[in-house]
Amino acid sequence: MTIDNPTTRLAGSEHEKGVLLIIAATLAWSASGVYSRLLTTDVWTAIAWRSLFGGLFLLIPCLFLEGGISRRQWRSVLRPTGLAMIACQTFSQGCFIGALYMTTVANVTMIYATTPFIAALFGWLILKERVARRTLIAGAISLFGVAVIVASSIGGGTGWGDLLALGMTASFALVIIIPRIDPGVPSLPPTVVSAFLTLVIFAPFGSVGSLDLHNWIVLAAFGATNFSLALVLFLAGAKRMPPAEAALIGTMEIVLTPFWVWLLFSEEPPVATYFGGAIILGAVFWHTAVDFSRGRRPQLS
């Protein structure tokens, strides 16, 4: 006779819910290339108003997550680490949209895939954290893949876009590191402030008059889903599963983002991107799979 354990069933249900939430977040993030190709406005306008919509939609989950909106929570934004978060996120948002406009979506995605390894490097330099040997190996391999992609873009018209993608990746890696310096800094308020700050910085260079109904709808959807919804879904899903498993599912974005653009817009990346991307993907999948397998290995007491 089998006795059903309600605790096990509930734990399994939470894990399955976490998997679905992470998959949904990954799908929302992977739509960034599609949104950027649907826009017909200039890059400055896209950066500014996509950020505004993202910040507005993110205010809603701020009411319920991380303790809700409180004076103490928002005052923490003015701490040095909070200001650093705002600066890095503002820079990252500008670089992200700029890169999507100036190079292929595949190049942006593949370069961004090196974020965990750059974050590990910053953790070692800033926090003196020990870096696992496999992370060093995977990081070195993936950076070689980035070098292959960027080198092929020099003189090909997409070099600046690739450099912006690298700037976005480095600044976002700092966003990952800063909460380890000061765990008391919440993640959502600085993100909201950086979104509105991005609007203030970039809107004067853009042209609101270039925005028709089509562009307004795309920018609103871009900010609501790719900026706000994806982040909230990922945070909710990550609480219900081991970090390594969440990261493994999240790597689907690396493949899906350029796939949607190829499928809908027939955007073919340069040949070097296939080689560099294969190198990066191999390093990311190997490293994440090792973390996943070790996380599932039973611990012996």
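**Reasoning from values to terms**

Student: Why are Lys17 and Glu14 said to be separated by about one helical turn?

Tutor: Both belong to helix 1 (residues 6-29), and because they are three residues apart there, about one helical turn lies between them. The model is a predicted one.

Student: What makes the contact of Lys17 and Glu14 a salt bridge?

Tutor: The N to O distance between their side chains is 3.5 Å. The rule asks for a Lys or Arg side-chain nitrogen within 4 Å of a carboxyl oxygen of Asp or Glu, so the pair qualifies. By this rule the count comes to four salt bridges.

Student: Are Lys17 and Glu14 buried or exposed, and how do you know?

Tutor: Neither term applies. Buried requires under 20% relative accessible area and exposed over 50%. Lys17 has 39% and Glu14 has 32%, so each is called partly exposed.

Student: Why does the pair Arg37 and Glu267 count as a salt bridge, and which parts does it tie together?

Tutor: The closest N and O atoms are 2.6 Å apart, and the limit is 4 Å, so the pair counts. Arg37 lies in helix 2 (residues 32-38) and Glu267 in the loop between helix 13 and helix 14 (271-296), so the salt bridge ties together parts that are 230 residues apart in sequence. At 23% relative accessibility Arg37 is partly exposed, whereas Glu267, at 18%, is under the 20% cut-off and therefore buried.

Student: What makes Asp182 buried but Arg79 partly exposed?

Tutor: Asp182 has a relative accessible area of 17%, which is under 20%, so Asp182 is buried. Arg79, with 32%, falls between the two cut-offs and is therefore partly exposed. These two residues also form a salt bridge, their closest N and O atoms being 2.6 Å apart. The pair links distant parts of the chain, 103 residues apart.

Student: How do you know that the buried residues of helix 8 line one face?

Tutor: The buried residues include Thr135, Ala138, Ser142, Val146 and Ile149. Seen down the axis of helix 8, the buried residues fall within an arc of 135°, so they line one face. The face turned away from them carries the exposed residues Arg133, Leu136 and Phe144.

Student: Why is Leu264 called exposed?

Tutor: Its relative accessibility is 54%, and exposed means over 50%, so the term applies. Leu264 lies in helix 13 and is one of the residues of a nonpolar surface patch with about 550 Å² of accessible area together. Helix 13 gives the most to this patch, with five residues.

Key. Residues are numbered from 1 along each chain as its sequence is written. This is a predicted model: local features need pLDDT of at least 70, side-chain atom pairs count only at pLDDT 80 or more; totals for chains, interfaces and linings use all residues. Side-chain values use heavy atoms; hydrogens and water are left out. Buried means under 20% relative accessible area, exposed over 50%, partly exposed in between (1.4 Å probe, protein chains only). Helices (H or I, at least four residues) and strands (E, at least two) are DSSP runs, numbered from the N terminus. The arc is that of the directions from the helix axis to the C-beta atoms. Patches are made of residues with over 30% relative accessible area and no salt bridge: like charges are joined within 9 Å, nonpolar side chains (Val, Leu, Ile, Met, Phe, Trp, Tyr) within 5 Å. Accessible areas come from the Shrake-Rupley method with a 1.4 Å probe; for residues, only the protein chains shown count as cover.
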